[in-house]
Structures are given as structure tokens and as C-alpha cells.
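Please look over the sequence and the model shown below, and keep both in view while reading. The report that follows goes through the chain one topic at a time.

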Amino acid sequence: MEAGGAGRRNGRAPRRADVVVRRAVARDADRLTRLVRTSRAYEGPYAPMVAGYRVGPDYIEAHRVFVATDDATGQVLGFYALLLDPPELDLMFVAHAAQGLGIGRLLAAHLREEARGAGLTGVRIVSHPPAEGFYRSIGAEPVGTVRANPPAVMWDRPELLLRTG
């Protein structure tokens, strides 16, 4: 349901004031996994990369994973995972129904604050190619290209740096 109806209650989209970003907990694992596996950004040639992907409770407990939810319904609108050593954005997904509502920008601002609070000056982003424009729009700077690594990743990916200051 996350991909198709997340963020909608009685036909309305949540206002930004209705969105809460909180630390993910183990019981969020299935919803986050479903959001990844049903992402339309990973359709077609990208589909095999997320087909068996799982965001497990152990991953959530080991990393800084944050979830944006509709405060009124509790529906997951998006999430991200920040790795500290080395500093990297490991995952960021926004539910389809929440696309265009500013959820990605809200998560990116939260990521910056979280990274800054951890003493990081920048965060590496290895972007899904279609998401590069979004990351550039929030200020991430291109720093290189991560070459394909078949069979895990079949395409080159842009590498960016998001400064926290």
C-alpha cells in the first residue's frame, strides 16, 4: 500500500506540517522493504537490483535510518539511511503517491542536520542515475562516476558529495 496510497487520506495529500521524520524502528522493516521493492524508479532494466532487496530489522538497528510519516495516518512517505564511517547516503526512497510533495527535500534537510550533528562535513551519494537531478537540486556536487559492477549493478552511477555546511 505504501507505493500506491502512501500519504493520501480521504484523497488528500499530507501538508508538510503533517509530516514527521523519526528514527526508524525494527517493526518498520517490512514497510521500508516494500517501499524499495515497489519503487517505480527501479522498473524496467533497474528492476533486478531491488527485486530481492530487504531492509531488515538488523539493518535498521545498526544504521541511522529515518522515516517520514504522515502524522495523522502513520503511513510511510519516505525514508533514508545514513552511514557514518565512511559518511554515505545508503538509501533514500519516497513513496510514489508522495512524490512532488517535498518529502525528498524534507528528508535531505534532515540528513544534512543529522550528518552535521554527527560531526560530518559531507556525505557521499552514489546515485541511482534517474535521481541525479534531484540530488543536484539539493546542492550535491558531482565528484565522479562509480563504474558498473555486474551482476550486482549493471550501469554506471553518478557519485556526488552533499556538504553539510
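## Two cis peptide bonds

P86 sits in the loop between β3 and β4, and the peptide bond that joins D85 to P86 is cis, with an omega of about 0°. A second case involves P150 and P151, whose peptide bond is also cis with omega near 0°, and here P151 belongs to the loop between β6 (141–146) and β7. As background for a reader who is new to this term, most peptide bonds are trans.

## The chain as a whole

The structure is a predicted model, and its secondary structure comes to six helices and seven strands. Followed along the sequence, these elements appear in the pattern α-β-α-α-α-β-β-β-α-β-α-β-β.

Of the 165 residues in the chain, 45% count as buried. Among the contacts between residues at least 6 apart in sequence, 65% join residues at least 24 apart.

## The largest nonpolar core

Which residues touch the most other members of the largest nonpolar core? Among its 46 residues, these are L32 and F79. Two or more residues come from each of α2 (29–37), α4 (57–62), β2 (64–70), β3 (76–84), β4 (87–94), α5 (103–117), β5 (122–126) and β7 (157–163), and β3 gives the most, with seven residues.

Leaving aside residues up to four places away in sequence, F79 touches L32, L35, V36, V55, V65, F66, V67, L91, M92, F93 and L107. The contacts of F79 thus include L32, the other residue that, with F79, touches the most members of this core.

## One face of helix α2

The buried residues of α2 are A29, L32, T33, L35 and V36. Seen down the axis of α2, these buried residues fall within an arc of 160°, and so they line one face of the helix. It helps to recall that an α-helix has 3.6 residues a turn, so residues three or four places apart point the same way.

What do the buried residues of α2 pack against? Their partners are α3, α4, β2, β3 and β4.

## A partly exposed residue in strand β1

R23 is found in strand β1, which covers residues 19–23. Is R23 buried or partly exposed? Its relative accessibility is 41%, and because buried means under 20% and exposed means over 50%, R23 counts as partly exposed.

Not counting residues up to four places away in sequence, R23 touches H63, R64, V65 and F66. Although R23 and A81 are 58 residues apart along the chain, their C-alpha atoms are separated by 9.9 Å.

## The largest pocket

How much space lies in the largest pocket? The computed value is about 790 Å³. Its lining is made up of 33 residues, and of these M92, F93, H128, A131 and Y135 lie nearest the centre of the pocket. The elements that give two or more residues to this lining are α3 (47–50), β4, α5, β5 and α6 (132–137), while β4 gives the most, with seven residues.

Sorted by class, the lining has 21 nonpolar, eight polar and four charged residues. Two of the residues named here, M92 and F93, lie among those nearest the centre of the pocket, and both M92 and F93 are also touched by F79.

Note on methods
Residues numbered from 1 in each chain as written. Predicted model: local features only at pLDDT ≥ 70, side-chain atom pairs only at ≥ 80, totals over all residues. Heavy atoms only, no water. Core = buried A, V, L, I, M, F, W, Y, C linked by side-chain atoms within 4.5 Å. Buried < 20%, exposed > 50% of the residue type's maximum accessible area, 1.4 Å probe, protein only. Helix = DSSP H or I, 4+ residues; strand = E, 2+ residues; numbered from the N terminus. Contact = heavy atoms within 4.5 Å. 1 Å grid on protein atoms, 1.4 Å probe; cavity = no way out; pocket = protein on both sides within 12 Å on 5 of 7 lines; lining within 4 Å. Points joined across faces, edges and corners; volume = space filled by probe spheres on them. Nonpolar A, V, L, I, M, F, W, Y, C, P; charged D, E, K, R; others polar. Arc of directions from axis to C-beta.
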